[in-house]
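Here are a few worked exercises for you to try with the coordinates open. Have a go at each task before reading its solution.

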Amino acid sequence: MKYSKTIQWLFAQLPMYQRVGQSAYKADLSATINLARYLNNPEKSFKSVHVAGTNGKGSTSHLLASIYQEAGYKTGLYTSPHLKDFRERIKINGKMIPEQTVCEFVEKHKPYLERNQLSFFEMTIGLAFDYFRSEKVDIVIIETGMGGRLDSTNIVTPEISIITNIGLDHTQFLGNTLSQIAAEKAGIIKKEVPVIIGETLPETKPVFERKALEQNAPIAFAEKDDTPNYPSDLKGVYQQKNIRTVLTSIRVLQQNGWNISEENIQNGLLKSIENTGLMGRWQILNENPKVVCDTAHNEVGLRIVMNQLKKETYKQLHIVLGVVNDKNLASILPFFPKEAVYYFCKPDVPRGLDASLLTVRALEFGLKGEEYISVQKAYKSALAAASYDDFIYIGGSTFVVAEVV
């Protein structure tokens with residue numbers, strides 16, 4: 001099979017939460033455990049760091065990978081979702097898995113994958129872990145998909161577990177309260193494996209402490225740490241909390257024998273985009289007018305990003321906005337500024353919310369603008385309308401950002 005056909009098969013053959021939503025969700029790890037067994041348990045062949053949380057887990061994972069690369073370790077990185085190319089999910093030292101490797105894995109194991117009706121995510125985990133084993137990596141930084149306890153990545157026993165923060169997202173799967181969601185994320189805490197918590201809330205801290213006690217896992221809270229104020233090439237103000245979580249995590253990893261110097265840490269933070277290829281985090285696409293895209297898509301993430309937007313200086317603000325159809329608009333639209341000119345659009349995935357519906361709902365919150373048939377049309381119209389000292393923000397969904405980066 002050629003790569004394009006292989007990827008088509010992966011996307012179309014079986015449900016994929018990223019594209020179709022709830023029908024793709026499996027509340028069970030048995031299929032992943034069986035797949036790992038069938039592949040001779042590749043997850044036992046490498047050391048790992050496991051990262052969960054509502055927001056910031058992608059940035060945290062990339063920053064950690066960058067630091068490990070600077071320290072000279074052969075570093076695997078597993079993240080999701082991808083923006084442009086499926087292979088962004090699986091990298092070693094910043095380089096995507098070769099197309100041929102993807103094709104060979106699918107071709108070799110297709111009968112098993114079809115017979116057992118594995119989900120897209122389960123197949124991808126099998127491919128990634130098999131690849132990391134074959135390449136004999138020193139460490140793999142693994143970002144969970146959505147939850148933690150029942151996430152397909154949760155078959156590893158890592159060096160440390162990290163939970164960045166908790167917010168209300170994916171409530172149809174993870175629970176309707178912060179403590180319920182925290183309990184799902186806390187499912188990655190393993191017996192006697194240190195856990196680092198990035199941020200806590202009164203509802204979530206006792207959940208983490210209780211789970212850590214049950215598992216006899218040493219627990220550290222990054223927000224209590226007095227960490228150095230190191231700069232990073234990730235420019236969002238919200239990255240300061242992720243950097244603090246990373247620094248606390250590195251200190252624990254150093255205590256556990258990983259040879260990472262202060263210079264490695266500083267260079268890793270400064271070169272995370274160069275080292276790992278991270279995209280879509282307060283990414284500047286143009287200077288005049290200034291154009292920024294960001295993948296923030298839930299209440300917690302958008303509140304932070306909109307606060308950063310308020311600190312920008314501009315003559316007129318233009319916002320290209322698109323969302324998916326299972327998004328609770330009442331929870332996110334209040335954060336968007338009413339004075340902006342809006343360009344409403346539908347991301348090009350089955351889950352994309354129709355632009356006309358978004359336009360009507362946005363008006364209820366005082367957000368006014370025109371609807372466009374595509375993200376590109378919306379973006380081009382914003383560029384045409386914007387003057388030299390205006391500001392264009394593009395976001396609302398990972399899929400909107402994927403169409404402009």
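**Exercise 1.** Find the element that holds S249, then work out whether S249 is buried or exposed.

*Solution.* Start with the location: in this predicted model, S249 sits in helix α10. Next, check the accessibility. The relative accessible area of S249 is 0%, and the cut-off for buried is under 20%, so S249 is buried. Now look at who is around it. Setting aside neighbours within four places in sequence, S249 is in contact with L64, I160, I162 and I196. To finish, place the helix itself: α10 (residues 239-255) lies across β1, β6, β7 and β8. Relative to β6, α10 runs at about 165°.

**Exercise 2.** Give the strand order of the eight-stranded sheet and say which strands stand at its edges.

*Solution.* Walk across the sheet and you get β4-β3-β2-β5-β1-β6-β7-β8. The sheet is open, and its pairing is mixed. As for the edges, β4 (95-96) and β8 (219-221) each have a single partner strand, so one side of each is left without a neighbour in the sheet.

Take the β8 end for a closer look. β7 (residues 195-197) pairs with β8 in the parallel sense, over three bridges. One pair to click on is I196 with its bridge partner A220 in β8. Just ahead of that strand, the loop between α9 (205-214) and β8 holds Q215. Not counting residues up to four places away in sequence, Q215 touches I189, K190, K191 and E192. For a long-range distance, try the C-alpha atoms of Q215 and L353: they are 138 residues apart along the chain and separated by 42 Å.

**Exercise 3.** How many residues of β5 are buried, and which way do they point?

*Solution.* Count first: five of the five residues in β5 (139-143) are buried. Then sort them by direction. I139, I141 and E143 point one way, while V140 and I142 point the other way. The background is simple: in a regular strand, side chains alternate between the two faces of the sheet.

Now add the partner strands. β1 and β5 run parallel and pair over five bridges, with V49 opposite I141. β2 and β5 are parallel too, pairing over four bridges, and here G76 stands opposite V140. Last step, the helix: α4 lies across β1, β2, β5 and β6, running at about 170° to β5.

**Exercise 4.** Classify the packing of α4 against α11 from the angle between them, and list the contact residues.

*Solution.* Helix α4 (residues 57-70) and helix α11 (residues 262-270) pack at about 130°, and their axes are 8 Å apart. That angle makes α4 oblique to α11. The crossing is right-handed. From α4, the contact uses L63, S66, I67 and E70; from α11, it uses N264, I265, N267, G268 and L269. Sorted by class, that gives four nonpolar, four polar and one charged residues.

**Exercise 5.** Map the six-stranded sheet: what is its strand order, and which strands stand at the edges?

*Solution.* The order is β9-β10-β14-β11-β12-β13, again an open sheet with mixed pairing. β9 and β13 (369-371) are the edge strands, each with a single partner, so one side of each has no neighbour in the sheet. On average, neighbouring strands are turned by 20° against each other, direction ignored.

Go through the pairs in turn:

- β9 (residues 283-286) and β10 pair in the antiparallel sense over three bridges. A hairpin of three residues joins them, and Q283 has C293 as its bridge partner in β10.
- β10 and β14 (residues 391-395) run parallel, with four bridges; V291 stands opposite I392.
- β11 (residues 317-321) and β12 (residues 341-344) are also parallel, joined by four bridges. L321 has F344 as its bridge partner in β12.

Within β10 (residues 290-293), K290 and V292 point one way, V291 and C293 the other, and all are buried.

Finally, put the helices on. α13 (residues 299-310) packs on the sheet, touching β11 and β14, and its direction makes about 170° with that of β14. Helix α16 (residues 375-385) lies across β9, β10, β11, β12 and β14, at about 175° to β11.

Technical notes: Residues are numbered from 1 along each chain as its sequence is written. This is a predicted model: local features need pLDDT of at least 70, side-chain atom pairs count only at pLDDT 80 or more; totals for chains, interfaces and linings use all residues. Side-chain values use heavy atoms; hydrogens and water are left out. Axes are lines fitted to C-alpha atoms, for helices over the stretch in contact, and angles run from 0 to 180 degrees between N-to-C directions. Helices (H or I, at least four residues) and strands (E, at least two) are DSSP runs, numbered from the N terminus. Angles under 35 degrees count as roughly parallel, over 145 as roughly antiparallel, 65 to 115 as roughly perpendicular and the rest as oblique. A crossing is left-handed if the near helix is turned anticlockwise from the far one by less than a right angle, and right-handed if clockwise. Contact means heavy atoms within 4.5 Å. Ala, Val, Leu, Ile, Met, Phe, Trp, Tyr, Cys and Pro count as nonpolar, Asp, Glu, Lys and Arg as charged, and the others, Gly among them, as polar. Two strands pair if DSSP finds at least two bridges between them. Buried means under 20% relative accessible area, exposed over 50%, partly exposed in between (1.4 Å probe, protein chains only).
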